[in-house]
Amino acid sequence: ITNCSLSVLGYGQTGPMVQRGGYDSIAAAVSGLMHITGHEDGEPVRPGVAMTDLATGLYTYGAIMAGLLQRHKTGKGLHIDCNLLSSQVACLTHVAANYLNCKIEAKRWGTAHGTIVPYQAFKTKDGYIVVGAGNDQQFVTVCKILNLPEVSKDSRYKTNTLRVQNRKELIDILSARFSEKATMEWLQLFEGSGVPYGPINNMQQVFSDPQV
């Protein structure tokens, strides 16, 4: 028999917190997810949907599938125990690895990325666009689209490491340029560029998007 127990208390079957009640937001707080979510200078923020609940369900599904495969191959069953806290801690991925391996404490970055610049949302005339320059060539392309070729040649921004070090100055320059055009204008300019980009959509825009 393959049996799965999904702990309604949120903390599993053992440990000092096993008797506490656990909802999505509580587990998001205890696991550190809220600590890394929100504006850089703002307060911790709850994600817009119940990510901890969703992650726990997906981990549970994967564990059950693995258990059924084991039963098929070996004839042996197993007991699977899934809970909110363990699932969300597992989702901390590189943030957890940075702390466990290098003792680097995490922080909130808003829409930005801690180690890639630029990779964030920029305010346009009528909304927001998210642009990610994951390598130096993509950064050159971004500067070309923004008609800022001199920025890509600036010694302060030649590599991603330098761009991270000089984040504020660079983001100020890019933000000023993005504010000059509407979101749709920027989308058209980035089309076919090879640079990952996309608008921040509301629900009406999401469900009218032909890709969706």
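Q: Which exposed residues does the face of α9 turned away from its buried side carry?
A: In this predicted model, the buried residues of α9 are Thr183, Trp186, Leu187 and Phe190. These four cover an arc of only 105° around the axis, which puts them on the same side of α9. The face turned away from that buried side carries the exposed residues Met184 and Gln188.

Q: What covers the buried residues of α9?
A: The residues to be covered are Thr183, Trp186, Leu187 and Phe190, the buried residues of α9. Their cover draws on both helices and strands, and it includes β4 (128-132), α5 (136-145), α8 and β5 (197-199).

Q: Which residue just after α9 takes a positive phi?
A: Helix α9 spans residues 183-190, and the backbone just after α9 has a phi of about 80° at one position. The residue with this positive phi is Gly192.

Q: How many residues apart in sequence are the parts that the pair of Phe178 and Phe190 ties together?
A: The rings of Phe178 and Phe190 form an aromatic pair with 6.2 Å centre to centre and 10° between the planes, and with planes under 30 degrees apart counting as stacked, this pair is stacked. Both Phe178 and Phe190 are buried. Because Phe178 lies in helix α8 (residues 167-178) and Phe190 in helix α9 (residues 183-190), the pair ties together parts whose separation in sequence is 12 residues.

Q: Which residues do ring pairs link into a cluster?
A: The structure holds four aromatic pairs, and one of them is the stacked pair of Phe178 and Phe190. Ring pairs link these two phenylalanines into a cluster with further aromatic residues, so that, given that rings pair if their centres lie within 6.5 Å, the cluster consists of Phe122, Phe178, Trp186, Phe190 and Tyr197.

Q: Over the face of which residue does Arg163 lie?
A: Two placements of a basic side chain over a ring can be described here. Lys107 lies over the face of Trp109, at 4.3 Å from the ring centre. For Arg163 the distance from the ring centre is 4.4 Å, and the ring belongs to Phe139.

Q: What separates the centres of domain 1 and domain 2?
A: The domain assignment of the protein chain gives domain 1 (5-102) and domain 2 (119-208). A compact globule of 212 residues would have a radius of gyration near 17 Å, but the protein chain has 22 Å, and its C-alpha atoms fill a box of roughly 65 × 40 × 35 Å along the principal axes. Taken over C-alpha atoms, the separation of the two domain centres is 34 Å.

Key. Residues numbered from 1 in each chain as written. Predicted model: local features only at pLDDT ≥ 70, side-chain atom pairs only at ≥ 80, totals over all residues. Heavy atoms only, no water. Phe/Tyr/Trp six-rings, centres within 6.5 Å; stacked < 30°, edge-to-face > 60°. Helix = DSSP H or I, 4+ residues; strand = E, 2+ residues; numbered from the N terminus. Buried < 20%, exposed > 50% of the residue type's maximum accessible area, 1.4 Å probe, protein only. Lys NZ or Arg CZ within 6 Å of the ring centre and 35° of its normal. Domains from an automatic or database assignment. Arc of directions from axis to C-beta. Contact = heavy atoms within 4.5 Å. Rg over C-alpha atoms; globule rule 2.2 N^0.38 Å.
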